[in-house]
Amino acid sequence: MTETGTLIIGGGLAGLAAGYTLEGKQPYIIAERELRPGGLSATIKTKGYFFDYSGHLLHLRWPETTELILSLLGNNCMLLERNAKVRIFGKNIPFPFQANLKKLPEKVRSECVREFLKAADLGMPPQEHENYKCWAERVFGKGISRHFMLPYNFKLLQHPLDKVTTEWCAPFVPMPDRNDILKGAYGSSQKKFGYNTVFRYPKKGGIGFLAEKMAETLSGLRLGCEVISINMETKTAEIKNLGKIKFRHLINTAPLPFFIKMQKNAPKHILSHASRLKSNTVYVLNLGIKKPAPKTHWAYFPEKKYPFYRAGAASNFSNETAPKGKASLYLEFAFPPDSDNGNGEIDFNKLEKTSFRALKECGFIKNLNQIEEKLWLKMNPAYVIYDRERAEALPEIFSWLKDRGIFSIGRYGAWKYSFMEEAIKEGIEAARSILKE
Ligand SMILES: Cc1cc2nc3c(=O)[nH]c(=O)nc-3n(C[C@H](O)[C@H](O)[C@H](O)COP(=O)(O)OP(=O)(O)OC[C@H]3O[C@@H](n4cnc5c(N)ncnc54)[C@H](O)[C@@H]3O)c2cc1C
């Protein structure tokens with residue numbers, strides 16, 4: 001039987017960063033089930049197009065990970081200023097909606113402002129166990145909530161918003177104050193809001209360039225190797241194409257509910273907590289277009305008539321994601337988990353037809369003949385659902401994992417709403433804890 005110091009499940013950015021930190025210091029194996037590294041931060045190259053799993057942009061915030069990421073990207077890195085829109089009432093208004101009410105139809109604008117001021121004057125404190133719907137109406141008022149916050153987030157999460165909790169909102173939802181909202185409704189405001197006002201993106205190779213750069217230095221990376229089961233009593237794992245592996249330490253980056261199911265000896269109450277964790281599924285339709293796209297980076301689509309919740313132009317991040325003079329677009333569609341169930345329940349042909357009509361209406365394409373390449377990609381899980389069940393289940397699961405010395409990290413290992421830099425940070429930290437032991 002092969003033995004190793006640390007077994008790392010998954011070669012996405014979290015697993016790769018853990019291997020990167022252990023490299024040359026302690027033996028490790030990264031078992032990645034796909035034939036390429038990068039997980040959701042990989043890029044698929046086809047016919048001159050570089051298709052990502054939707055827009056994957058680098059918003060860097062911590063010095064050490066920033067330095068590592070920038071050194072891996074070297075001179076293949078661009079810094080861009082966000083140009084994002086919200087498509088609503090047949091118009092493109094600048095993002096975020098709540099700070100740019102000016103272009104809305106007069107009736108809607110005054111409803112949004114009136115209801116916002118009403119909520120601000122009431123100044124209600126947060127309720128205990130506040131749900132997303134109450135939170136949005138308390139913070140932004142009923143108008144902004146009705147027209148954007150609620151329809152957009154329901155379309156994205158595919159889960160009743162009065163069951164969604166709000167721990168994830170603070171870093172991700174822009175929160176302009178009273179002055180900003182009034183200025184955005186009646187004055188002229190150039191102020192930018194939110195965590196993603198500037199972002200970085202590789203010049204060449206799509207976002208997958210980052211994972212590939214990290215992977216090329218890793219002697220322990222094994223592709224096409226799915227971890228099937230784990231026995232923490234014997235500290236062994238059954239892995240497709242590798243057989244049985246004995247390990248001293250374990251880092252998991254696979255989705256937490258699946259990881260718990262892989263355990264040979266998980267007690268019933270832990271299995272039952274794992275079954276309470278929910279997520280949505282996102283499909284991304286990547287399109288290769290014969291003509292350049294309008295300059296927008298991406299747009300949000302809260303209205304039901306659009307089947308996608310967001311669409312963007314990767315070729316506006318870098319024109320090298322498409323052949324010269326052409327564009328690379330992506331459309332994101334959210335579903336309840338496993339809604340296709342392998343039974344063809346999602347009608348992709350119909351989705352394409354309505355989407356192409358919508359793209360024409362919004363000016364992304366002029367006619368269907370401009371579409372020369374198409375690639376559907378599936379993300380399951382995609383967005384973790386924050387609800388009371390998650391809040392109750394996670395401490396129980398993590399306490400059980402901690403007692404067994406298991407690190408479960410990354411967006412899905414930790415079962416949270418996080419981003420690429422955070423996955424890298426957690427990989428480094430888990431490996432460092434192991435090196436200290
Ligand atoms: C729609 C969407 C848009 C996003 N946009 C951004 C963005 O703009 N900027 C940003 O910073 N982040 C973004 N993210 C988040 C980003 O994708 C993640 O934070 C990051 O990719 C997580 O890396 P990870 O290594 O934790 O997980 P993953 O990338 O999911 O990697 C886990 C790996 O484990 C492998 N695996 C799973 N099960 C097994 C098994 N049994 N055996 C072996 N291998 C297994 C998988 O194949 C995968 O490669 C976005 C996410 C989504 C869903």
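R114 is partly exposed, because its relative accessibility is 49%, a value that stays under the 50% limit for exposed residues. In this predicted model, the side chain of R114 meets that of E115 in a salt bridge, with 4.0 Å from N to O. E115 counts as buried, because its relative accessible area is 14%. So this salt bridge joins a partly exposed arginine to a buried glutamate.

**Salt bridges across the chain**

How many salt bridges does the structure hold? The count is 27. As a general background, side chains of opposite charge can pair when their charged atoms come close. Here are three of the pairs, with the N to O distance for each.

| Pair | N to O distance |
|---|---|
| R114 and E115 | 4.0 Å |
| E372 and K326 | 3.0 Å |
| R432 and E64 | 2.5 Å |

Let us take the E372 and K326 pair, whose side chains meet in a salt bridge at 3.0 Å. This pair links distant parts of the chain: E372 sits in strand β17 (residues 371-379), while K326 belongs to the loop between β15 and β16 (327-335), and 46 residues separate the two. E372 is partly exposed, because its relative accessible area is 32%. K326 is partly exposed as well, because its relative accessible area is 27%. There is also a network to look at: R276, K278, D387, E389 and E392 are joined into one by salt bridges that share partners.

Next comes R432, which forms a salt bridge with E64, their closest N and O atoms being 2.5 Å apart. Which parts of the chain does this pair link? R432 is in helix α13 (residues 420-436) and E64 is in helix α2 (residues 63-73), so distant parts of the chain are linked, 368 residues apart. Because its relative accessible area is 37%, R432 is partly exposed. E64 is partly exposed too, because its relative accessible area is 43%.

**A buried glutamate without a salt bridge**

E303 makes a nice case to inspect. It lies in the loop between β14 (298-300) and β15 (310-313). E303 is buried yet has no salt bridge, and the nearest side chain of opposite charge is that of K305, 4.4 Å away. Why does K305 not count as a salt-bridge partner of E303? The distance is 4.4 Å, and a salt bridge needs a side-chain nitrogen within 4 Å of a carboxyl oxygen, so the pair is left out. The side chain of E303 does have a polar contact: it reaches the backbone nitrogen of F89 at 2.9 Å. Setting aside residues up to four places away in sequence, E303 touches R87, I88, F89 and K155. F89 thus appears both in that list of contacts and as the backbone reached by the E303 side chain.

**Around the ligand**

If you would like to look at the ligand, there are 34 residues around it, and E32, S41, H56, L57 and M420 come nearest. S41 places a polar side-chain atom 2.8 Å from an oxygen atom of the ligand. The backbone takes part too. S418 has a backbone N or O atom 3.4 Å from an oxygen atom of the ligand, and a polar backbone atom of F419 is 3.4 Å from a ligand oxygen atom.

**Covered positions in the helices**

Is N153 buried or exposed? N153, whose place is in helix α4 (residues 132-157), is buried, because its relative accessible area is 7%. Leaving out residues up to four places away in sequence, N153 touches Y132, F148, Q158, L161 and W168.

Helix α7 (residues 208-215) is mostly covered, with six of its eight residues buried. The buried ones in α7 are G208, F209, L210, A211, M214 and A215.

**Cysteines and one strand residue**

The structure holds zero disulfides. C112 is in no disulfide, and the nearest cysteine sulfur, that of C169, is 18 Å away. C112 is buried, because its relative accessibility is 0%. C77 is partly exposed, because its relative accessibility is 21%.

Finally, T46 has its place in strand β3 (residues 43-46). Apart from its neighbours within four places in sequence, T46 is in contact with F51 and E373. T46 and A254 are 208 residues apart in sequence, and their C-alpha atoms are 27 Å apart in space.

Conventions:
Residues numbered from 1 in each chain as written. Predicted model: local features only at pLDDT ≥ 70, side-chain atom pairs only at ≥ 80, totals over all residues. Heavy atoms only, no water. Disulfide = S-S within 2.5 Å. Buried < 20%, exposed > 50% of the residue type's maximum accessible area, 1.4 Å probe, protein only. Helix = DSSP H or I, 4+ residues; strand = E, 2+ residues; numbered from the N terminus. Lys, Arg positive; Asp, Glu negative; His and termini not counted. Polar contact = N/O pair within 3.5 Å; in protein donor to acceptor, adjacent residues only side chain to side chain. Contact = heavy atoms within 4.5 Å. Near = heavy atom within 4 Å.
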